[in-house]
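Here is a friendly tour of one protein model, with salt bridges as the starting point and strand pairing to follow. Have a look at the structure, then read on.

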Amino acid sequence: MLSERSRNPETPMRADSASAARANAESRRMRCDDVALVVTDGEPPGRRVQIGDAPVIIGRGAGVDLQISDPTVSRHHCVVWRASGRCWIRDLGSTNRTRVNNRPTRIAELFENDVVLVGQTALTLALSIVPPIACGVVRTG
């Protein structure tokens with residue numbers, strides 16, 4: 001059975017649905033110290049590129065942070081960066097577009113396990129939560 005919202009997109013979301021959607025998005029936000037894109041299909045396989053304070057440019061041109069040797073990848077295909085604990089991707093006007101979870105995108109927020117397609121190469125966003133002991137916090141008792 002279709003909900004009122006799915007039958008009529010102009011129908012506003014109920015307050016409880018909106019807050020549940022916000023809570024879901026909040027739970028998926030980056031809350032870690034180590035965010036990386038890992039090449040999961042394509043070349044170079046297994047390569048891991050940290051997403052830190054500086055933006056990461058992906059493409060086939062010289063001087064990019066992750067170079068992909070694929071004729072369907074633009075010289076400067078897309079850029080990934082972190083801001084306020086969130087991870088973002090922007091297509092840089094590439095000929096064959098950047099895809100996130102198989103959807104073409106110009107700009108999108110990335111979440112853990114999202115798959116970014118750049119040409120024929122798949123990159124997966126991976127998070128590593130740093131345990132409290134590694135941060136210098138020692139729990140006693």
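## Salt bridges

A search of the whole structure turns up 2 salt bridges, a salt bridge being a side-chain nitrogen of Lys or Arg within 4 Å of a carboxyl oxygen of Asp or Glu. The model is predicted, so to speak of a local feature takes pLDDT of at least 70 and side-chain atom pairs count only at pLDDT 80 or more, while totals for chains, interfaces and linings use all residues. Residues are numbered from 1 along each chain as its sequence is written, and side-chain values use heavy atoms, with hydrogens and water left out.

One pair is D34 with R48, whose closest N and O atoms are 3.3 Å apart. D34 lies in strand β1 (residues 34-41) and R48 in strand β2 (residues 48-50), so this contact ties together parts that are 14 residues apart in sequence. Strands here are DSSP runs (E, at least two residues), numbered from the N terminus. R48 is partly exposed, at 38% relative accessible area; the scale is buried under 20%, exposed over 50% and partly exposed in between, with a 1.4 Å probe and protein chains only.

## A pair across β6 and β9

R86 forms a salt bridge with E109, and here the closest N and O atoms are 2.9 Å apart. Because R86 lies in strand β6 and E109 in strand β9, the pair ties together parts that are 23 residues apart in sequence. R86 is partly exposed, with a relative accessible area of 26%, whereas E109 counts as buried at 14%.

The backbone links these strands too: 4 bridges join β6 (residues 86-91) to β9, and the two run antiparallel. Within this pairing, C87 has L110 of β9 as its bridge partner. Two strands are said to pair if DSSP finds at least two bridges between them.

## The open sheet

How are the 5 strands of the open sheet ordered? They run β4-β3-β5-β6-β9, with mixed pairing. At the edges stand β4 (66-67) and β9 (107-110), each with a single partner strand, so one side of each is left without a neighbour in the sheet.

Further in, β3 (residues 56-59) and β5 (residues 78-83) pair in the antiparallel sense over 3 bridges, with I57 opposite V79 in β5. Strands β5 and β6 are also antiparallel, paired over 6 bridges, and V80 has I89 in β6 as its bridge partner. The hairpin of β5 and β6 has 2 residues between the strands, and S84 takes a positive phi near 55 degrees there.
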